[in-house]
Amino acid sequence: MRTIFWKDCLWLIDQTKLPEKEELIPCRRVDELVEAIKRLAIRGAPALEAAGAYGVALASFEREFSGLEEIRQYLVEKAKLIASARPTAVNLSVGVEKVLKRALEGNSIEEVRSIALREAERVAEEDIERNKKIGGNGAKLLEDGDVVLTYCNTGRLATVDWGTALGVIRSAVEEGKKIRVFACETRPLNQGSRLTCYELMKDRIDVTLITDSAVGIVIKKGFVNKVIVGADRIVRDGFFNKIGTYTVAITAKHHRIPFYVAAPKSTFDLSRTSEDVVIEERGAEELIYCGDKLLAPKDVKVYNPAFDFTPLELVSAIITEEGVIYPPFNF
Ligand code: MRU
C-alpha cells in the first residue's frame, strides 16, 4: 500500500499509530494536512515531497473560488503554509514548488485544479520510480551475507513506496542476496523500532533492533559491516539527517566500515551549506513522556533537535537515482 495517495481526497497512513495498527486518515483541508505533517503522521523527506505536492492540489479543491486570480492567490498563500510545516527536509518545499509552478499556469479554476492534481500524482509516481533506481544502484554496493546498520526509517513509509536506504536493502534482497539488518531505535520518536522493524519484518527481512547507544558496541564487535542511512537535505559540505546520524557516521569512520547515504536528487540543495539550514527543534514532551508516563522530571530543561549534520568527510558514497557519487564529491 502507498503511504500517501489521492482518492476523492488525500489519504495518508497515520504513522503515529504504527506498529499497532495500519490506519488511513483522510485530509480534506490543508490545515488537516499541515497538522498531520507537524505531528509526523506523515514524515520522511520523500514522503513529505509528495505531501507538499498533494497539499497544493488539496488547496485548489478545498473551497469555492470566484475567479482565477483568487484561486492563484490562495494557492500561493497555502503553499507557504505547507512548506513551512517542517523546516529541515528540503523535499517538502520542493514538492510544493513543483506543483504550484505548474498549477499557476492554468487559465481557469478547473484547469488549475486538474493541473495541480495531475502534477501531484506525477510527483508521487516519480518517487516510486526513482526509489527503485536508487535501490538498483545501491544494491551493487551490497554483497551476499552483508549485515547492514541503518538509522531512522527510510523505507516505504518514508517515501511513497519502496524506500531510499531501506529500498537499497530491499533491492539487494530482491536480487537474491542474503542481507541482515541492525535497526537503531531512533529516539525519541522511535522511527527505527516502530517503522523500520515493522516494515522489514513484514517483508521477512532479518532485522535486529538495538538502542541508539548500542551503535558503538555493535560496530566495534564487527556485528555489521556496512551502514546505510537516508538524508533530509544534502548541502555542499554534508547532509542533514535524523538526530544521531552524526554519531553513527563518526563510529563507522573510526572502525573503517563504509557509511553510505541514499537519497533522491530532490534532496540535494547545493546552493546552501550547513550554516544556512534550520534544524527543527521539537517539544520537550517527546523526551519527558512516554504516553502518560513520566520519563524525566516534568520541569527538566530539554534540548531536542530533530536532525543533525554530518560532514562529507565521513561519507563513503551517496547513492542516487542517477548513480553513485564518490568522494571527493565534486557536486
Ligand atoms: O522526522 P522524520 O521522521 O521526518 O525524519 C526524517 C527521516 O525519516 C530521516 O531522517 C530519514 O533518515 C531521511 S528521510 C528518508
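## A tour from sheet to ligand

Start with the sheet. In this predicted model, seven strands make up an open, mixed sheet, ordered E6-E5-E4-E7-E10-E14-E15. Now select the two edges: strand E6 (207-210) and strand E15 (323-325). Each has a single partner strand, so one side of each is left without a neighbour in the sheet. Look along the sheet for its twist, which averages 25° from one strand to the next.

Next, select E4 (residues 147-150) and E7 (residues 226-229). These strands run parallel and are joined by three bridges. Show Leu 149 and find Val 227 of E7 opposite.

Now add the helices. Select H6, residues 165-174. Helix H6 lies across E4, E5 (180-184), E7, E10 (259-262) and E14 (317-320). Its direction is at about 125° to E7. Then select H9, residues 245-254. Helix H9 crosses E4, E7 and E10, running at about 140° to E10.

Move to the ligand. Which residues come nearest? Of the 17 around the ligand, they are Arg 43, Arg 86, Asp 232, Asn 241 and Lys 242.

Zoom in on the polar contacts:

- Arg 43: a polar side-chain atom lies 2.5 Å from a ligand oxygen atom.
- Gly 44: a polar backbone atom is 3.0 Å from an oxygen atom of the ligand.
- Arg 86: a polar side-chain atom lies 2.7 Å from an oxygen atom of the ligand.

Finish with a surface view. On its own, the ligand has 400 Å² of accessible area, and the protein covers 100% of that area.

Definitions and conventions: Residues are numbered from 1 along each chain as its sequence is written. This is a predicted model: local features need pLDDT of at least 70, side-chain atom pairs count only at pLDDT 80 or more; totals for chains, interfaces and linings use all residues. Side-chain values use heavy atoms; hydrogens and water are left out. Two strands pair if DSSP finds at least two bridges between them. Helices (H or I, at least four residues) and strands (E, at least two) are DSSP runs, numbered from the N terminus. Axes are lines fitted to C-alpha atoms, for helices over the stretch in contact, and angles run from 0 to 180 degrees between N-to-C directions. Contact means heavy atoms within 4.5 Å. A residue is near a molecule or strand if one of its heavy atoms lies within 4 Å of it. A polar contact is a pair of N or O atoms within 3.5 Å; within protein, one must be able to donate a hydrogen and the other to accept it, and residues adjacent in sequence count only if both atoms are side-chain atoms. Accessible areas come from the Shrake-Rupley method with a 1.4 Å probe; for residues, only the protein chains shown count as cover.
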